[in-house]
Amino acid sequence: MDEIIAEYIRRTVLRIPRDDIAAVLQKWGFLSETQLQTINFRQTKESISYSVAELCEENSADMKQAAMLDIICNHIYPNKRMWSVYQMTKTGEETDFFDFTDFKKKFKRRLQSALINVTINFREYEDNAIWIRIAWGTPYTKPNQYKTSYVVYHSQTPYVFISASVLKSNLPLLCQALLVASNYHDIREMKLRSHCLNSLKDIVFKRYSQNFQTYYPRQERNVPTENVDLRIINENRNEKERIQRLNQEVFGDGPQPKLDFAQYKLETMFKSDPKLDVMERKEPFRCLVKFSSPHLLESLKSLAPAGLADAPLSPLLTCIPRKARNYFKIRERKNFLPESFLSP
Amino acid sequence: MEETKSTEGNREVPWGRALTSVFRSGEGLGAAFPFARGKVEERKGRSRDGVLAYLETLEAEAHKLALKQEEEEEQKKQLVRLKARVKELRAKRDELRTKVELQEKRLLDKEGLVTDPAQPSAQTVLEWKIKSIKAMLQVFYLSGISGKRTKQGVCFCISTAYEGTYLDSYFLDILVKSEVQIQRHSVPVFIPLEQIAKEHLQADIRRFLAVLSDHLNAYAGRRYQADQLEERFSDRIEGTLQRNSLCNLLVFNYNVSSDSKPFPFKVKLLYGDLCCSLPTEAIISCTPGAPASLAEMAAAHSEAFRRMALHKAFNSLISAEGSQD
């Protein structure tokens with residue numbers, strides 16, 4: 001077996017947290033039960049990785065198996081990568097049956113016809129998600145297995161989630177191959193990026209809880225049963241309830257999708273006291289505002305109830321899941337009213 | 001009485017006993033009597049009898065006072081007890097009074113209803129109205145398409161169902177300005193919403209909702225059938241059921257036995273009509289070299305899949321096979 005493959009498998013195993021290695025190897029299914037039992041999972045990760053590499057040599061693992069292990073690792077820990085969302089459009093109206101084998105064939109053919117030195121691996125998951133792993137090479141060098149891009153595509157949807165690696169130059173090629181394989185005509189990058197893949201899916205597939213007004217089924221809001229001491233009167237009860245109601249209208253009841261940041265690029269004029277003429281030239285004041293958080297939308301949701309912001313929140317913040325974007329450019333509106341507006 | 005009291009009292013005080021008995025023997029019982037009633041003058045008058053005698057009289061008086069006090073206390077206690085009893089009785093009386101009133105009122109009500117059905121109380125009318133409206137709203141929801149007016153337009157709710165089982169609900173927030181626009185929605189992304197909207201939304205919103213409802217119900221039905229097949233017959237299916245997002249292409253394998261030998265069948269179900277929950281094509285293929293009798297069976301199975309719901313068709317095939325063996 002190739003030394004390179006063994007080393008690659010070893011390094012992949014090293015990336016897995018020690019407690020999960022056994023489960024991941026089981027999922028991979030390449031090593032038999034008896035072989036897995038010979039590994040002592042209590043030793044250091046280094047030693048475990050060497051044991052695994054040895055066993056893989058015994059079984060003569062090839063690149064395909066190694067790639068499978070890599071895909072499985074990335075599927076279990078998708079949040080280690082930064083994912084961008086791309087949207088495809090098509091003009092035709094035919095009903096698409098979407099055959100997985102067909103898709104694979106077309107994709108591979110298109111990509112390999114343009115660039116021979118590329119490793120492509122597919123894996124399908126139960127939620128109709130197709131994971132594609134691509135290791136890029138150049139016309140003169142073999143594919144570098146450590147520089148991989150990942151594509152996640154759900155059949156019959158116009159959205160693709162791409163975690164590109166360093167080699168951005170291969171992106172157009174990748175997009176071309178996707179269009180051909182999935183039968184679409186055009187692809188563009190959406191202004192939506194995050195580490196949490198599932199939340200990106202929730203936003204574009206509209207799987208998060210939106211608050212719709214209906215009569216039935218009755219949206220019974222469960223009043224939180226606090227230990228109400230009747231001697232305590234809440235002076236600001238009306239205000240609290242108003243904030244709660246507005247918050248619920250905007251954010252809904254359920255958990256919010258997890259985003260890392262929202263970025264606003266301001267190209268608005270600096271508004272100052274006419275007496276202090278700060279800017280000599282009337283140019284837009286360029287400024288970048290970035291909100292970062294481990295869980296941006298939940299923190300925005302809790303701003304008003306915590307008293308840190310007025311309710312209702314600015315629509316610039318609350319439109320993030322609805323517009324499916326977290327990069328914004330704010331320009332001056334071209335009339336006398338000095339209000340800013342969102343660029344499309 | 002007083003005499004006995006005083007003698008008793010005197011008996012209680014030991015050191016005076018001897019003196020009083022001496023005194024009594026000297027002057028008789030009657031003499032003790034004026035003593036008890038005696039006041040300062042009498043005491044003064046008797047002072048010549050000696051200090052001890054004086055002390056005696058004081059003692060007797062003190063005793064008398066103590067007795068009186070006791071009596072008073074007893075009376076007070078009695079009074080308190082009696083007051084409490086009075087309270088109790090009053091409360092009971094009030095209770096009984098209200099009971100009687102209620103009874104009377106109830107009787108009156110009954111009679112009132114019988115005599116005056118045209119005038120139920122405003123409360124009951126309101127309750128009945130609310131009940132009937134809630135029932136109406138439920139009926140609308142169960143019918144599949146319901147809506148609610150919002151500030152800027154309407155919010156429609158399409159609830160899907162398949163053969164009596166209610167499945168997911170999908171929402172559309174529609175703006176009614178110069179043209180009708182969908183502001184936001186919870187329709188899954190693989191349903192061709194934009195297409196349907198482009199065709200029907202501006203022209204005829206009813207048609208739009210009907211078409212969309214057909215798509216959603218068909219999708220929900222197909223997904224339900226696939227889920228049922230996986231749930232109930234996972235042991236009979238080789239490998240896993242392959243499907244796509246719209247559930248309009250299903251591929252799975254199962255074994256049929258012919259001459260007591262198992263043969264694998266591969267089924268490919270194509271649902272060409274997105275508004276239909278039955279397949280338009282059911283392609284069954286088996287391994288080459290299989291006996292010709294299997295071709296007949298394959299045709300029959302294909303027919304079954306096209307006619308009936310997936311899980312029901314499969315169920316009938318399994319039971320038919322069972323009865324054959």
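**Reading rings and strands in a predicted model**

Modeller: At 7% relative accessibility, F261(A) counts as buried, and I should add at once that this structure is a predicted model.

Biologist: Is F261(A) called buried or exposed by some fixed limit, and how does its ring relate to Y327(A)?

Modeller: Buried means under 20% relative accessible area, so F261(A) with its 7% falls in that class, and Y327(A), with a relative accessible area of 18%, is buried by the rule as well. As for the rings, a pair of aromatic rings is described by the distance of the centres and the angle of the planes. By the pairing rule the count comes to 22 aromatic pairs over all chains. F261(A) and Y327(A) make one edge-to-face pair, with 5.6 Å from centre to centre and 90° between the planes. Because F261(A) belongs to strand β7 (residues 261-269) and Y327(A) to strand β9 (residues 327-332) of chain A, this pair ties together parts that lie 66 residues apart in sequence.

Biologist: What kind of pair do Y264(A) and F291(A) form, and how many residues apart are they?

Modeller: Their ring centres are 5.8 Å apart and their planes stand at 90°, so this pair is edge-to-face. Y264(A) is in strand β7 and F291(A) in strand β8 (residues 284-292) of chain A, so that distant parts of the chain, 27 residues apart, are linked. Y264(A) counts as buried at 4% relative accessibility, whereas F291(A), at 33%, counts as partly exposed.

Biologist: Which residues have a charged end over a ring in chain A?

Modeller: One of them is K90(A), whose charged end sits over the ring of Y184(A), 4.8 Å from its centre. In another case K80(A) lies over the face of Y77(A), at 5.1 Å from the ring centre.

Biologist: Turning to the strands, in what order do the six strands of the open sheet in chain A stand?

Modeller: The order is β2-β3-β4-β5-β1-β6, and the pairing is antiparallel. Since β2 (118-124) and β6 (186-194) of chain A each have a single partner strand, they stand at the edges, and one side of each is left without a neighbour in the sheet. On average, neighbouring strands of this sheet are turned by 25° against each other, direction ignored.

Biologist: How many bridges join β1 to β6 in chain A, and what packs on the sheet?

Modeller: Strand β1 (residues 83-89) is joined to β6(A) by six bridges, and the two run antiparallel; within this pairing, Q87(A) stands opposite R188(A). Helix α5 (residues 63-76) of chain A packs on the sheet, where it touches β2, β3 (129-136) and β4 (148-154), and its direction makes about 55° with that of β2(A).

Technical notes:
Residues numbered from 1 in each chain as written. Chains lettered and ligands numbered in written order. Predicted model: local features only at pLDDT ≥ 70, side-chain atom pairs only at ≥ 80, totals over all residues. Heavy atoms only, no water. Pairing = 2+ DSSP bridges. Helix = DSSP H or I, 4+ residues; strand = E, 2+ residues; numbered from the N terminus. Axes fitted to C-alpha atoms, helices over the stretch in contact; angles between N-to-C directions. Contact = heavy atoms within 4.5 Å. Phe/Tyr/Trp six-rings, centres within 6.5 Å; stacked < 30°, edge-to-face > 60°. Buried < 20%, exposed > 50% of the residue type's maximum accessible area, 1.4 Å probe, protein only. Lys NZ or Arg CZ within 6 Å of the ring centre and 35° of its normal.
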